[in-house]
Amino acid sequence: MLKKIILFLLAVFIIIQFIRPAKNLAARGPQHIEAIYPMPDNVKQIMRVACYDCHSDSTRYPWYNRVQPVAWWLNHHVDEAKGELNFSQFGTYSKQKQVKKLQKVKSSVTKGWMPLDSYLWIHKDAKLSPEQAKAIADWADQTIAQIP
Ligand code: HEC
């Protein structure tokens with residue numbers, strides 16, 4: 001009986017390996033936030049390491065994304081994150097929505113609820129130092145000030 005259960009689970013594991021979500025890997029377009037608003041190089045660097053994997057149209061995938069159900073789980077996070085805030089499509093947002101999202105960006109980093117904890121377990125380099133959080137918050141303020 002136990003042997004049958006194990007064989008069954010193994011078969012399920014093998015089968016699900018063939019069900020892969022489409023990858024989030026689009027080329028950067030003209031609506032990307034860096035194309036529409038100035039962003040200092042240090043802020044670009046932090047956003048690339050800590051935010052764009054989830055909040056943009058282009059994710060840097062880890063090797064374990066090849067294993068299911070890991071890819072489903074990562075894909076779900078990316079979909080959810082992009083649904084709320086997609087820096088690759090920032091230019092398509094109304095001015096009002098841009099301001100609201102930038103205010104949330106500021107509070108997310110100053111209060112420390114972004115990047116997600118589960119991401120930080122693996123991406124230690126994405127944990128923001130107080131200086132990095134301040135750099136993002138200041139940039140968000142400066143950008144809001146430019147939006148009429
Ligand atoms: C591992 C994926 C992941 C990373 C990395 C990540 N986020 Fe998020 N973010 C999410 C998800 C999922 C949500 C939506 C659910 C929630 O609010 O928890 C979200 C929500 C947000 C929101 C709220 C948007 C709204 O309108 O409610 C802001 C702002 C935000 N993230 C900013 C950031 C910033 C800034 C960074 C980088 C410092 C970052 N996130 C890194 C996954 C991520």
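## Pockets

The second largest pocket in this predicted model has a volume of about 240 Å³. Its lining is made up of 16 residues, and those closest to its centre are Cys54, Trp73, Leu74, Tyr119 and His123. Two elements, α4 and α6 (117-122), each give two or more residues to the lining of this second largest pocket, and by class that lining has ten nonpolar, four polar and two charged residues.

The largest pocket holds about 470 Å³ of space. It is lined by 20 residues, with His55, Glu84, Leu85, Trp113 and Met114 lying nearest its centre. Helices α4 (70-84) and α5 (95-110) each supply at least two residues of the lining of the largest pocket, and the largest share, five residues, comes from α5. Divided by class, the lining of the largest pocket has 13 nonpolar, three polar and four charged residues.

## The iron site

Two of the residues named among those nearest the centre of the largest pocket, His55 and Met114, also coordinate the iron atom of the ligand, His55 through NE2 and Met114 through SD, at 2.0 to 2.2 Å. The pair links distant parts of the chain, since the two are 59 residues apart, with His55 in the loop between α3 (41-50) and α4 and Met114 in the loop between α5 and α6. Six donor atoms surround the iron atom of the ligand, and the arrangement counts as octahedral because the angles that they subtend run from 84 to 178 degrees. For comparison, ideal angles for six octahedral donors are 90 or 180 degrees.

The two coordinating residues fall into separate accessibility classes. His55 has a relative accessibility of 13% and therefore counts as buried, the limit for that class being under 20%. Met114, with a relative accessible area of 24%, is partly exposed.

## Cis peptide bonds

Met114 also takes part in a cis peptide bond, the one leading from Met114 to Pro115, where omega is near -10 degrees. Pro115, like Met114, is placed in the loop between α5 and α6.

A cis peptide bond also joins Gln68 and Pro69, with omega at about 5 degrees. Pro69 belongs to the loop between α3 and α4, which is also the loop that holds His55.

## Val49 and His76

Which residues does Val49 touch, once residues up to four places away in sequence are left out? Val49, a residue of helix α3, is in contact with Arg60, Tyr119, Asp125 and Ala126 on that count. Tyr119, one of these partners, is also among the residues closest to the centre of the second largest pocket. Val49 has a relative accessible area of 16% and so is classed as buried. In sequence Val49 and Lys124 are 75 residues apart, while in space the separation, taken from C-alpha to C-alpha, is 10 Å.

Is His76, in helix α4, buried or exposed, or does it fall in between? With a relative accessible area of 48%, His76 is partly exposed, given that a residue counts as exposed when the value is over 50%. His76 and Tyr64 are twelve residues apart in sequence, and their C-alpha atoms are 15 Å apart in space.

Methods: Residues numbered from 1 in each chain as written. Predicted model: local features only at pLDDT ≥ 70, side-chain atom pairs only at ≥ 80, totals over all residues. Heavy atoms only, no water. 1 Å grid on protein atoms, 1.4 Å probe; cavity = no way out; pocket = protein on both sides within 12 Å on 5 of 7 lines; lining within 4 Å. Points joined across faces, edges and corners; volume = space filled by probe spheres on them. Helix = DSSP H or I, 4+ residues; strand = E, 2+ residues; numbered from the N terminus. Nonpolar A, V, L, I, M, F, W, Y, C, P; charged D, E, K, R; others polar. Donors = N, O, S within 2.8 Å, 3.2 Å for Na, K, Ca; no water. Tetrahedral: all angles 85-135°; square planar, octahedral: opposite > 155°, others 65-115°. Buried < 20%, exposed > 50% of the residue type's maximum accessible area, 1.4 Å probe, protein only. Contact = heavy atoms within 4.5 Å.
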